[in-house]
Amino acid sequence: MKKHFIKITEIALAAVLGLGTMSITAPNVQAATTQFSDVESNYWGASAITNGVSKGYVDGYTNGTFKPEASVTRAEFMKMVVSAMELETVPSSGKWYTEYVDAASRAGLYTSADFNNSEAAWTKVMTREEMARVAARAIGETSKEEDKWMYLATKAGLIKGVGIGEIAPKGLTTRAQAIVVIERILSKNTGASLDVDKYAVGSAEIAWHGTNIFTVMPEMWVTTEAQLKQAGKSSVEEMWNESRMTITSKDELYQAKLDALVAIDLADPNDPNRSLLPDINKLKWSNNRQTINDLMVKDQKNSYILYFKGGQVYNKAPSKYLDRKRLTFRVDGFESPDLDAFYYKRTLNGSAWVYQDRVLDLPIIIIPKTGTVQKGNDLVVRLETPTSGYLASDSVVLRLRGIQ
């Protein structure tokens with residue numbers, strides 16, 4: 001979607017949008033076959049706009065325009081969704097939007113916990129994350145985590161990015177965006193399969209719980225239904241423990257925090273998270289032999305990168321804990337089945353450190369997509385305190401049994 005957000009006052013918004021013209025029974029409505037003067041045939045949302053007008057849940061303006069880039073209020077969006085889904089409404093003596101809000105409440109599209117049921121709240125411009133919440137609920141999704149709605153909506157194909165990997169949750173919803181999303185809701189509810197913007201899903205997953213490994217590497221991070229059932233989880237993504245992304249030493253003199261564990265697909269030159277890496281042409285992987293320093297990451301395109309974004313929060317005892325900015329971590333479960341090949345034949349068949357000038361200078365590992373074995377160990381992501389002995393401790397962010 002085109003990124004174009006404008007902040008305007010409520011008075012100006014009412015003048016620009018003309019609340020009355022949003023009525024599906026408004027006079028002088030543009031016919032569905034009419035080409036709006038401000039919507040070119042090759043405009044990204046043209047087809048959806050035509051469909052929306054023909055179905056009667058949105059109108060053009062009497063001057064022959066549609067104003068696709070104008071912002072939409074919460075009330076306007078809710079009216080369009082309720083009308084498009086043909087939810088039953090009951091006439092009300094309240095504000096023009098009351099009957100639609102009541103219908104949305106009965107259908108579970110809105111709850112008072114979302115925001116106050118007041119005129120001041122309903123006349124505010126709807127953000128993209130608020131649109132995502134309504135859209136996800138409209139296809140039957142549920143969540144108790146407010147930051148998960150965008151992930152659910154993008155994963156279902158209801159919402160795409162405004163740029164490569166850009167989800168703009170706080171961005172304002174435009175009329176065109178609203179119609180496109182509503183059309184996708186209707187299609188999804190008829191059983192249609194929607195195209196999914198994988199980059200948007202990955203960004204939404206990071207915004208939800210601090211990693212995108214389940215979006216980028218779904219075939220690697222797997223487990224059994226039995227483990228999910230035992231843990232009381234409905235999906236493998238929920239096994240990620242966001243609360244353990246901060247590690248504090250036993251004596252509370254050291255602390256580090258994982259801001260995000262970012263997976264990057266080396267086979268995808270358009271992966272937006274490549275920008276997190278130094279020059280990939282200079283990156284090397286280590287086979288734990290100090291005399292070998294020409295194993296290049298750029299030659300391992302059939303692999304994933306795991307970038308541990310974060311670092312030391314404080315270190316009040318540098319004599320006890322290594323005083324370095326990067327995180328100390330470990331990833332288990334992607335082992336080499338042939339160590340001779342790994343050590344002596346320059347074969348990347350297990351997870352390995354990625355470095356630029358010297359081993360351990362970057363918080364990055366590389367995992368080949370094929371060729372590793374689990375060897376009975378769980379698939380584990382853990383943070384560690386940079387020390388040894390009785391002070392050593394770890395924080396397990398993810399533990400999966402895998403499917404051996």
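Reader: Let's start with the largest pocket: what is its volume, and which element gives the most to its lining?

Author: Happy to start there: in this predicted model, the largest pocket has a volume of about 310 Å³. Of the 17 residues that line the pocket, those closest to its centre are V331, E335, S351, A352 and W353. Two or more lining residues come from each of β5 (329–332), α12 (339–344) and β6 (352–355). With four residues, the element that gives the most is β5.

Reader: Thanks! How are the rings of F329 and W353 arranged as a pair?

Author: These two residues link distant parts of the chain, 24 residues apart, with F329 in strand β5 and W353 in strand β6. Their ring centres lie 5.2 Å apart. The planes meet at 50°, and since tilted pairs are those that fall between 30 and 60 degrees, this pair is tilted.

Reader: Which of the two, F329 or W353, is buried, and which is partly exposed?

Author: The cut-off for buried is under 20% relative accessible area. W353 has 22%, so W353 is partly exposed. At 3%, the residue that counts as buried is F329.

Reader: Nice. Why is helix α6 described as largely enclosed, and which elements help cover it?

Author: Ten of the eleven residues of α6 (residues 128–138) are buried, so the rest of the structure largely encloses this helix. Among them are R128, E130 and M131. The cover over these buried residues includes α3 (74–84), α7 (149–155) and α8 (175–189).

Reader: Which ring does the charged end of R74 sit over?

Author: One aromatic cluster is formed by W96, Y97, Y110, F115 and W122. The charged end of R74 is 3.8 Å from the centre of one of these rings, that of F115.

Terms used: Residues numbered from 1 in each chain as written. Predicted model: local features only at pLDDT ≥ 70, side-chain atom pairs only at ≥ 80, totals over all residues. Heavy atoms only, no water. 1 Å grid on protein atoms, 1.4 Å probe; cavity = no way out; pocket = protein on both sides within 12 Å on 5 of 7 lines; lining within 4 Å. Points joined across faces, edges and corners; volume = space filled by probe spheres on them. Buried < 20%, exposed > 50% of the residue type's maximum accessible area, 1.4 Å probe, protein only. Contact = heavy atoms within 4.5 Å. Phe/Tyr/Trp six-rings, centres within 6.5 Å; stacked < 30°, edge-to-face > 60°. Lys NZ or Arg CZ within 6 Å of the ring centre and 35° of its normal.
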